[in-house]
Amino acid sequence: MSDRSFHDAAILAEGGDWRSRDLAVLWHPCTQMREHPDTLPLLTVSHGEGAWLVGHDGRRTLDAVSSWWTNIHGHAEPRIAEAIARQARRLEHVILAGATHEGAVELAERLLRIAPRQPGRAPLAKVFYADNGSAGVEVALKMAFHWYRNRGDEPRRTKFVALANGYHGETIGALSVGDIPLYRRIYAPLLMEAMFAPSPDAWNARPGQSAEDCAEEAADALARLLDEHPGEVCALILEPRLQCAGGMRMHHPVYLRRARELCDVHGVFLIADEIATGFGRTGTMFAFEQAGVMPDLMCMSKGLTGGFLPLAAVLATQSIYDGFLDDSRERAFLHSHSYTGNPLACAAALASLDIFESDDVLARNRVTASRMAEAATPLASLPHVAEVRQAGMVVAFELTRDGDRASPFDPAERVGLRAYRAALDHGVMLRPLGDILYWMPPYCIDDAQLALLAEATEAAIVAATGAV
Ligand SMILES: *Cc1c(COP(=O)(O)O)cnc(C)c1O
């Protein structure tokens with residue numbers, strides 16, 4: 001055995017070793033553990049490099065889903081890594097009740113500066129930190145509810161409206177306003193009651209109906225729902241432009257304008273969940289900008305730290321903040337997570353915002369997004385591809401039996417899972433949502449990686465749909 005092949009065999013064994021040690025002790029998220037390792041391969045990752053995940057065996061796998069939509073500038077981005085290291089030597093964490101630190105202040109200032117604005121409306125003015133997306137959603141829901149409690153004149157405003165097919169996280173409160181049966185159904189008895197308005201999802205358009213008309217129709221239904229429950233609703237929560245976990249479903253921005261108007265008419269707070277759409281994912285810094293209106297509360301997480309560390313920020317208007325100022329402690333917003341505003345996470349977020357500026361990321365993404373569109377076009381003519389749709393740095397492929405909207409695959413055929421395995425064989429980690437394949441890569445993806453992505457996706461679609 002040559003030195004080289006001896007070395008390769010050693011790292012291969014190391015990868016295998018990590019796999020068996022993992023399965024001996026770890027319980028993975030969102031996974032039927034029985035499927036490991038035979039049905040579902042377990043990728044052991046030694047390190048990351050831009051859009052690549054590098055295994056212990058040296059094999060490179062393209063991270064086409066940005067590690068659950070968190071990574072935006074690439075793995076192990078040296079500028080963010082350096083910022084975290086610098087911060088760690090200075091201050092790793094400090095309680096954010098009764099104390100503050102530079103990173104938390106500067107990040108809040110910068111987030112407020114880039115937040116969506118609306119002419120004639122007071123801008124978002126205050127930042128509340130939490131430490132993950134679901135916690136951020138809980139914060140926004142509790143704030144909306146508590147604001148009305150503090151006012152005292154409308155005690156019936158206790159309900160939330162959310163959208164069909166929406167997703168806002170998996171803690172009990174966030175799950176209550178989510179509508180993905182796979183995550184929700186089993187826990188239904190534990191959840192608080194929420195009302196669901198029809199989704200503006202353009203996939204649901206009737207034949208001949210435009211995405212815009214479909215969104216208008218959904219807004220009309222929202223209007224009726226709010227009319228039927230006067231004085232009962234404290235907030236509407238939605239994912240602007242793109243329902244991600246719901247299958248990368250997209251809607252026309254007119255819906256957001258209508259929702260804004262309806263919320264104003266009915267005295268309902270509008271909560272934007274930009275946890276997945278924020279930080280350039282749909283083409284603009286925040287998806288809400290595409291509608292020219294702004295929310296009252298806005299949740300950010302995932303890409304906030306460039307994908308390095310968990311952190312969430314909830315932005316609120318001055319008038320929401322003012323509703324908590326009082327001599328009574330009970331009227332204060334007494335919500336706390338131990339790691340609120342963690343300095344390392346704030347340092348990562350600031351470094352990520354610096355990269356947006358120094359690399360002109362949004363402009364570069366416009367070029368990359370048009371390359372993604374070109375790369376995706378040939379796949380649209382595959383027989384089982386019913387639709388290819390795109391919003392900025394997200395492209396989704398909807399697979400159906402006959403390549404039309406009316407013939408979904410039987411879930412038992414596990415088309416998505418087969419596509420996942422086939423793509424892995426081609427060096428790409430796709431993680432389909434049911435039978436919907438999508439590209440949501442780190443923004444640093446280059447042309448060669450994009451070509452690999454398109455080739456692997458085509459191979460995955462053919463492999464997964466060929467036999468059914
Ligand atoms: C991922 C996600 C969440 C939850 O964030 P976590 O950090 O996973 O708890 C909430 N809303 C949306 C839209 C998301 O995509």
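**A guided tour of a predicted model**

Begin with the whole protein in view, remembering that this is a predicted model: for its 468 residues a compact globule would have a radius of gyration near 23 Å, and the protein has 23 Å, which agrees. If you turn the view along the principal axes, the C-alpha atoms fill a box of roughly 80 × 60 × 45 Å. Switch next to a cartoon display, in which 14 helices and 16 strands can be followed along the protein.

Now show the surface, whose accessible area comes to about 20700 Å², with 54% of that area belonging to carbon and sulfur atoms. Beneath the surface, buried residues make up 54% of the 468 residues. Of the contacts with a separation of 6 or more, 71% are accounted for by residues 24 or more positions apart. If you colour the charged side chains, you will be looking at 44 positive and 60 negative charges, and the mean positions of these two groups are 2 Å apart.

**Helix H13**

Select residues 415-425, which form helix H13; because 8 of its 11 residues are buried, this helix is largely enclosed by the rest of the structure. Which residues of H13 are buried? They are Val 415, Gly 416, Leu 417, Ala 419, Tyr 420, Ala 422, Ala 423 and Leu 424. To see what covers these buried residues, add to the selection strand S3 (60-63), strand S14 (394-399), strand S15 (428-429), strand S16 (436-439) and helix H14 (447-466), which are included in that cover. Before leaving this region, select Gly 427, which follows H13 and has a positive phi, near 85 degrees.

**Three stops in loops**

Move next to the loop between helix H1 (3-25) and strand S1 (45-49), where Pro 37 is found. Show the backbone atoms here, since the peptide bond from His 36 to Pro 37 is cis, with omega near -5 degrees.

Continue to the loop between strand S5 (159-163) and helix H6 (172-176), and select Asn 165 there. The phi of Asn 165 is near 70 degrees, which is a positive value in a residue other than glycine.

For the last stop, go to the loop between strand S11 (297-300) and strand S12 (312-317), which holds Lys 302. Lys 302 is likewise a residue other than glycine with a positive phi, here near 30 degrees. Is Lys 302 buried or partly exposed? With a relative accessible area of 23%, Lys 302 is partly exposed, because buried would require a value under 20%.

Terms used
Residues are numbered from 1 along each chain as its sequence is written. Side-chain values use heavy atoms; hydrogens and water are left out. Helices (H or I, at least four residues) and strands (E, at least two) are DSSP runs, numbered from the N terminus. The radius of gyration is taken over C-alpha atoms; the globule rule is 2.2 Å times the number of residues to the power 0.38. Buried means under 20% relative accessible area, exposed over 50%, partly exposed in between (1.4 Å probe, protein chains only). Contact means heavy atoms within 4.5 Å. Accessible areas come from the Shrake-Rupley method with a 1.4 Å probe; for residues, only the protein chains shown count as cover. Lys and Arg count as positive and Asp and Glu as negative; His and the chain ends are not counted. The place of a charge is taken as NZ of Lys, CZ of Arg, CG of Asp or CD of Glu.
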